[in-house]
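Colleague: Before I plan anything around this protein, I would like you to take one part of it and go through it slowly, setting it against the rest of the fold as you go. Please give me the cut-off behind each term when you use it.

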Amino acid sequence: MIHTGTAVPTAVFAPRTGVGTARALVLAPVIPHWDEGAFFAPVIRTLTGAGLGVTVVDTLSLWDEEVDSMASFVARWRALLPRFGPVDLLCGNALGGAVAQALLPYVDPTTAALLVSGPARTDPLLEDRLTDIANLAAAGRTEAALALLHRRVQPGQGDPPDDTEPTNTACDDPRLVTADSRSRPATSHGTARRTRVDAVAPSVDADGPTPPTNLGGGTGDPVADRRLAAGMRLLCGTDVSDAVLAHPGPLLQVVGGRSQLVTLRHTAAAPHHRAHVVPEAGMRPHAEQPTEVAALVEAFLWEKGFQ
């Protein structure tokens with residue numbers, strides 16, 4: 001791994017096989033501190049093993065108090081995007097997935113997209129859960145915010161979520177609502193293949209070590225609090241469905257069938273795109289079911305000519 005001199009924290013992984021002319025850009029999720037791509041380690045191994053060079057960026061590093069909406073946040077990433085050169089595969093996880101989808105109109109139409117639990121739109125339940133985490137962080141209750149985040153990214157218990165599509169609503173913070181957020185009709189998700197495989201223990205915890213379960217105030221971590229509060233609120237009111245549906249290139253979205261946050265109903269896909277549900281996974285299907293997700297990604301790369 002090497003680091004670049006761009007304006008954001010960046011980690012670059014060289015291809016492990018072949019000459020490796022194809023390039024992937026990965027946008028990170030909301031993480032309390034930059035982890036140099038550890039959150040996406042299983043997928044990075046798959047991509048570099050297939051001969052792609054991978055650049056991972058800290059999505060939240062472009063946020064500051066002047067950002068008043070997801071639209072203005074995406075505008076900053078749009079301006080920075082050319083510095084990374086031609087991108088063959090645009091990837092994103094959670095918040096990074098939402099931003100990656102919003103950037104699709106500004107990349108080459110043939111660019112492929114790989115999203116893991118990346119919402120194209122939010123709904124009241126998702127926004128309530130994101131806001132609960134954001135409010136704890138904004139109050140300086142770092143341990144409580146991380147504990148709640150950790151609980152929410154785990155696979156939910158009981159029946160899988162109902163993937164009927166509710167009406168989209170705004171977040172508690174009106175500054176962080178996209179300019180065109182509105183109710184949307186149901187969209188095609190392509191074929192959601194539900195194939196069960198044996199569970200494999202996660203090889204990486206996307207949010208670092210298991211946070212403490214103490215829900216007291218603790219000493220607080222101002223950097224983590226700022227990032228958690230900002231990132232969760234940025235997602236509220238998101239709706240980038242139009243950008244996804246208009247993208248002519250290939251797209252693979254992977255979500256967990258037991259996710260307590262982003263589920264199939266939060267995705268958008270044109271008929272030539274594909275959404276896949278990993279049945280027993282939560283928000284981290286790539287870490288919870290790495291064998292299944294690696295096979296999905298490898299097949300996607302093969303079909304699109306990357307291997």
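Modeller: I will start from a single residue, A134, which lies in helix α4 (helices are DSSP runs of H or I of at least four residues and strands are runs of E of at least two, both numbered from the N terminus). This is a predicted model, so local features need pLDDT of at least 70 and side-chain atom pairs count only at pLDDT 80 or more, while totals for chains, interfaces and linings use all residues. Residues are numbered from 1 along each chain as its sequence is written, and side-chain values use heavy atoms, leaving out hydrogens and water.

A134 has a relative accessibility of 0% and therefore counts as buried (under 20% relative accessible area, with exposed over 50% and partly exposed in between, for a 1.4 Å probe and protein chains only). Once its neighbours within four places in sequence are set aside, A134 is in contact with A229, M232 and R233 (contact means heavy atoms within 4.5 Å). Along the chain, A134 and L149 are 15 residues apart, and their C-alpha atoms are separated by 9.6 Å.

What surrounds A134 becomes clearer once its helix is considered as a whole. Helix α4, residues 124-138, packs with helix α6, residues 222-235, at an angle of about 150°, and their axes are 8 Å apart (axes are lines fitted to C-alpha atoms, for helices over the stretch in contact, and angles run from 0 to 180 degrees between N-to-C directions). Because of that angle, α4 is roughly antiparallel to α6 (over 145 degrees, where under 35 would be roughly parallel, 65 to 115 roughly perpendicular and the rest oblique). On the α4 side the contact is made by L130, I133, A134, N135, A137 and A138, and on the α6 side by D225, L228, A229, M232, R233 and L235. The three residues that A134 touches, A229, M232 and R233, thus appear in the α6 list as well.

Helix α6 also packs with helix α5, residues 142-153, whose axis comes within 10 Å of the α6 axis and crosses it at roughly 45°. The angle therefore makes α5 oblique to α6. In this contact T142, A145, L146 and L149 of α5 meet A224, D225, L228 and M232 of α6. L149, the residue whose C-alpha atom is 9.6 Å from that of A134, is therefore one of the α5 residues that meet α6, and M232, a contact of A134, is among the α6 residues that meet α5.

To place this part in the fold, the protein comes to nine helices and seven strands. The seven strands form an open sheet with mixed pairing, in the order β1-β3-β2-β4-β5-β6-β7 (two strands pair if DSSP finds at least two bridges between them). Its edge strands, each pairing on one side only, are β1 (10-13) and β7 (274-278), and the twist averages 15° from one strand to the next. Strand β5, residues 112-116, runs parallel to strand β6, residues 251-256, and four bridges join them; A113 has L251 as its bridge partner in β6. Helix α1, residues 41-49, packs on the sheet, where it touches β1, β2 (23-27), β3 (53-57), β4 (89-93) and β5, and its direction makes about 150° with that of β3.

Helix α1 has a helix partner as well, since it packs with α9, residues 290-303, at an angle of about 35° with the axes 10 Å apart. The residues in that contact are P42, T46 and L47 of α1 and P290, A294, V297, E298 and L301 of α9.

Two loop residues deserve a look in the backbone. E36, in the loop between β2 and α1, has a positive phi of about 60° although it is not a glycine, and its 34% relative accessibility makes it partly exposed. A94, in the loop between β4 and α3 (95-102), is likewise not a glycine and has a positive phi of about 55°, but A94 is buried, with a relative accessible area of 12%.

Finally, for the protein as a whole, buried residues make up 57% of the 307 residues. Among contacts between residues at least 6 apart in sequence, 78% join residues at least 24 apart.
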